[in-house]
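Biologist: I am new to this structure, and I would like to understand how its descriptions are justified. Could we look at it together and set each value against its cut-off?

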Amino acid sequence: MKILLSVLFTPVVVLLTSMDVLAAIKTKTIEYKQGNTILKGYLAYNDAIKNKRPGVLVVHEWNGLQSYAKQRTEQLAKLGYVAFAADIYGKGIRPKNPEESGKQATIYRQDRKLLRERANAGLEVLKKFSLTDTKRIAAIGYCFGGGTVLELARSGANIAGVVSFHGNLDTPNPEDAKNIKAKVLVLHGADDPFVPQQQVQGFENEMRLANVDWQLISYGGAVHAFSNPVYKGEIKGALYDQKADQRSWQAMRQFFAEIFR
């Protein structure tokens, strides 16, 4: 009878433990400003951890701060980080299709100064949160966001590292690489048509000339947006790749283990 009761109640204990872990993840939206523009970001952290811990800024894809960036922010919180998803476009600007996304992304790709200011505004929110260890901060970004965190690094942001997932690598100001204080990790789809080999080579030369501590990992067979399951081939050249997704996330974790020592 005791054995039977043990078997019956074990799943309940496991379930309650899991619920406790989930309940510890706190999320909230935070309104902040860059200039006169109101932005609306998304914060996630594990409330069960009472001490300060490393912070990670997350920058969204070209469709703005929507569910994917928020999910990644929550994943980082579950790993024990304070994570803040920045809003580059502004409160209420959430593109609904590729045309709208392209229009918004173009605004900031053509104005890198504004892009850097928006990224730095999000960084300041993360730094000011009471549980963030301001001496241990990194920034990650996806597609449009990958290019954004590289521009954040080029702006001279005083952070430990940046990680670009299938992001654009070009910049109109390659000489600004001399300002980079962060270590740089680029996770790239080897067959990404939106980031051709010429752009990759330009980025590598930029990093070398500025003597940056950088890494670039190319995933064979992977194309653009390889980390996001939403991409199923409707956009030519953008497709989810489970192996590249898992490998890139693990590479990020190893990178964090190095820079957050």
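Modeller: In this predicted model, a polar atom of the side chain of D87 lies 2.9 Å from the backbone nitrogen of K40.

Biologist: What makes the link between the side chains of D87 and R94 a polar contact?

Modeller: A polar contact needs a pair of N or O atoms within 3.5 Å, and the side chains of D87 and R94 are joined at 3.3 Å, so this pair meets the distance cut-off. D87 itself is found in the loop between β4 (82–86) and α3 (98–109), and, leaving aside residues up to four places away in sequence, D87 touches Y32, L39, K40, G41, H60, L65 and R94.

Biologist: Why is D87 called buried?

Modeller: Buried means under 20% relative accessible area, and because the value for D87 is 0%, D87 counts as buried.

Biologist: Why is strand β6 described as largely enclosed by the rest of the structure?

Modeller: Five of the five residues of β6, which covers residues 161–165, are buried, and therefore the strand is largely enclosed. Both faces are covered, with G161, V163 and F165 buried on one side and V162 and S164 buried on the other. In a regular strand the side chains alternate between the two faces of the sheet.

Biologist: How do you know that β6 pairs with strands β5 and β7?

Modeller: Pairing requires at least two bridges between the strands. Five bridges join β6 to β5 (residues 132–142), running parallel, and five bridges join β6 to β7 (residues 183–189), also running parallel, so each pairing satisfies the requirement. In β7, L187 is the bridge partner of F165, while G141 stands opposite S164 in β6. From β5 the chain crosses through helix α5 (residues 144–154) to β6, and this β-α-β crossover is right-handed.

Biologist: The structure holds 12 aromatic pairs; what makes the one between Y81 and F256 edge-to-face?

Modeller: The centres must lie within 6.5 Å and the planes must be over 60 degrees apart, and Y81 and F256 have 5.4 Å centre to centre and 75° between the planes, so the name edge-to-face applies. Because Y81 lies in the loop between α2 (67–78) and β4, and F256 in helix α7 (residues 242–259), the pair ties together parts that are 175 residues apart in sequence.

Biologist: Why do Y81 and F256 count as buried?

Modeller: The cut-off is under 20%, and Y81 has 14% relative accessibility, whereas F256 has a relative accessible area of 0%, so each of them qualifies. Y81, F255, F256 and F260 form one aromatic cluster.

How values were computed. Residues numbered from 1 in each chain as written. Predicted model: local features only at pLDDT ≥ 70, side-chain atom pairs only at ≥ 80, totals over all residues. Heavy atoms only, no water. Helix = DSSP H or I, 4+ residues; strand = E, 2+ residues; numbered from the N terminus. Buried < 20%, exposed > 50% of the residue type's maximum accessible area, 1.4 Å probe, protein only. Polar contact = N/O pair within 3.5 Å; in protein donor to acceptor, adjacent residues only side chain to side chain. Contact = heavy atoms within 4.5 Å. Right-handed = clockwise from strand over helix to strand, strands pointing away. Phe/Tyr/Trp six-rings, centres within 6.5 Å; stacked < 30°, edge-to-face > 60°.
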